[in-house]
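Please look through the sequence and the structure shown here, and then follow the account of how some of its parts meet.

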Amino acid sequence: MIAAHLPVLQIVVPLIAAPLCLLLRRGALAWGLALLASWAALAMSVLLLSQVLSDGPVSYALGDWAAPWGIEYRVDSINAFVLLIVSAVGAVILPYARRSVAHEIPAEQHSAFYTAFLLCLTGLLGVAITGDAFNLFVFLEISSLSSYVLIALGRDRRALTAAFQYLVMGTIGATFIVIGIGLLYMVTGTLNMADLAQRLPPLGQNRTVVVAFAFLTIGASLKLALFPLHYWLPNAYTYAPSAVTGFLAATATKVAVYILLRFFFTIFGPEFAIETLTLQHLLVPLAVIAILVCSTVAIFQDNIKRMLAYSSLAQIGYIVLGIGMASPTGLTAGIVHLFNHAMTKGGLFLALGCIFLRVGSVRLESMQGLGRTMPWTMFAFVLGGLSLIGVPLTVGFISKWYLVQAALEQDSWLLAALVLAGSLLAIIYVWRVVEVAYLRPPPAGAAAVREAPLSMLIPTWVLIGASIYFGVDTSLTVGVANKAAVMLLGGAP
Amino acid sequence: MQRHLVLRVTTKLLMPFILLFALYVQFHGDFGPGGGFQAGVIFGAGFILYALVYGIKNARLVAPDYVIRVLIAAGLLLYIGVGFAGLFLGGKFLDYNVLASDPVSGQHLGILLVELGVGVTVAATMITVFFAFAARGRDEG
Amino acid sequence: MDVLGLYNYWIVIVLMMTGFYVVISRGNLIKKVVGLNIFQTSVFILYISMGKIIGGTAPIVAPGVTVYSNPLPHVLILTAIVVGVATTALGLTLIVRIKEAFGTVEESEILQQRDDT
């Protein structure tokens, strides 16, 4: 019986755990419940993915109202993959969160923290799973509102202004998405994505459809922080609590990319988005600028958390570049980088959280000599850095390999060169940290720094380990990404 | 507000009608315009009016923070619980048809319970939002 | 072309641009939230006017009535209104905390303080 209800349980289990967390006044109990819910969500997303891979798309009609009228949850290879990314990162970060949150957030707010965390998880999973355009907006707002709360819980008072900034930008983005959905509803009379995909092509270049497309593109780009709409992201990531930064960096922007993919390829269809409106002429230049500019800005940051935030913007550039090339290889590169970047950047931010727990700062100068005092944490950081650069045997290499291949397929030597230039810039900003941590002695007279506790080290190493393992054995990630890319370009939902 | 006799008396007179109207909007939602959101807001507005006139301290005696907190969660749990009930009775999640012996009364029961959950959560949330703003930076006035 | 007949769209566009302009141009955080609200309200009107059918009644089955307005956009926008209320409440909460932490709700003064520290 459970197998048939998996799509809805995927959402409802974290959703029902959230109010229960609110009822549990003790932070430790709330944490335990959140942990159980997130592991259950991971188990369900693994089952869903295997179901989709063996039997094809899974559909679930909420309340037994049939598809074009009722809300449908529809899982195919692309969103099963996104569900796996989100729930895996959630399940890894919650064990980590207990020590980190106890250190950074006052005790009386712990149960509220886990409530917001679960709501954010629910929202992100919901965006990925739903087959209804308006339902997507509702889940998007659930995840956004709870992530504003999570960011505002940061200790620095600037977390408040960062959260407010994100709230304003995020709300504008989400409102743009609603306008787009509303315009689509006006011309088609349906909100179901599969139904929309069938009804839109006959309309051709209807002006309402084109305007809806523009609104949806801008709205989703705001949410995924595509250059030049990225203004909110560095502050939000820098001042949020460590566990929150790790979670949001690994999932929130990935889900926004999924929205973009869903609208471009499933709903409007590649013919409309790429051939008629030539979207690639917009996406590819913006992606390249994001890669070069944000990597360069990252080099000049002294706050390492902010440096990684800028690096995230550059990595989003790689993902969008892959999407913009709109070839099977390019799209595969973009989708596989969703996973790869989630693992790498999640692991890096968790390593930074370990450093923050022991050292109390994530500024470059306070990391002197950490290679000796916190060897495991720093080694994880270095491996993650290597993956950002794209060294072979890491997942970063896999993504870049496919990106370069896709560029060469289109005879675009320039794009291939630019991707490699981005890697060179990554070497510089990763090296700055390595140099300070390994080649400089610990500052004289500083308090002795111990290695981070195991409950935080293990989750960090799980993500970093994944970014090595999937760099060697790519059959799962590239296999699924390739399948998803072919499906998206085939136009079939 | 100690000396505004008219306001104090009028508020007292209006309170039962406001709350009754909220319940009417809540339970008449099956047959006419209404439902949980609207009813919850009206119910919450009744409490807010009381707090404005008689002070937050007195309002908190009626609606203490922990009760409100439990109610926020309880409304949501009732909603999800109805969903699960449909699931356990052999239908889909939030399937009202299987809740009673025949689909029509099942739909009635389902929407009634779900809207009740919505109403409870919305009312409790409105009260919380008001208390959080009004009591902040004050001596729990 | 019937420009005035589409007056609901004109209202939507004017409100949308007004709200958007307020969000961008004002440094006062409260005014930003007000602008955001106006911006969202324009979308509410877009949806609500979309569902209205001239001459149609409320979508409740009654004898002798054949034309009903479309209830779906209205239900959808009820959800969006609730989201808007939540956003406003959260935004104002953040402003209260910002005022406590920085002593001001002017963006320029907050930025100045951030440079100092």
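Is the crossing of α13(A) and α19(A) left-handed or right-handed? In this predicted model, the crossing of these two helices is right-handed. Two packed helices are described by the angle between their axes and by the distance between those axes. For helix α13 of chain A, residues 328-359, and helix α19 of chain A, residues 475-490, the packing angle is about 130° and the axes lie 8 Å apart. The angle makes α13(A) oblique to α19(A), because angles over 145 degrees would be needed for roughly antiparallel and 65 to 115 for roughly perpendicular.

On the side of α13(A), the contact is formed by Pro328(A), Leu331(A), Thr332(A), Ile335(A), Val336(A) and Phe339(A), while α19(A) contributes residues including Thr477(A), Val478(A), Ala481(A), Asn482(A) and Leu489(A). Sorted by class, the residues of this contact of α13(A) with α19(A) comprise 12 nonpolar and three polar ones, with no charged residues.

Turning from helices to chains, the contact between chain A and chain C takes 22 residues from chain A and 25 residues from chain C. Both α5 (133-152) and α6 (158-188) of chain A supply at least two residues each to the side of chain A that touches chain C, and α6(A) gives the most to that side, with 14 residues. By class, this side of chain A divides into 15 nonpolar, four polar and three charged residues.

Chain C also touches chain B, in a contact that takes seven residues from chain C and six residues from chain B. The side of chain C that touches chain B holds six nonpolar residues and one polar residue, and no charged ones.

Methods
Residues numbered from 1 in each chain as written. Chains lettered and ligands numbered in written order. Predicted model: local features only at pLDDT ≥ 70, side-chain atom pairs only at ≥ 80, totals over all residues. Axes fitted to C-alpha atoms, helices over the stretch in contact; angles between N-to-C directions. Helix = DSSP H or I, 4+ residues; strand = E, 2+ residues; numbered from the N terminus. Parallel < 35°, antiparallel > 145°, perpendicular 65-115°, else oblique. Left-handed = near helix turned anticlockwise from the far one by under 90°. Contact = placed C-beta atoms within 7 Å. Nonpolar A, V, L, I, M, F, W, Y, C, P; charged D, E, K, R; others polar.
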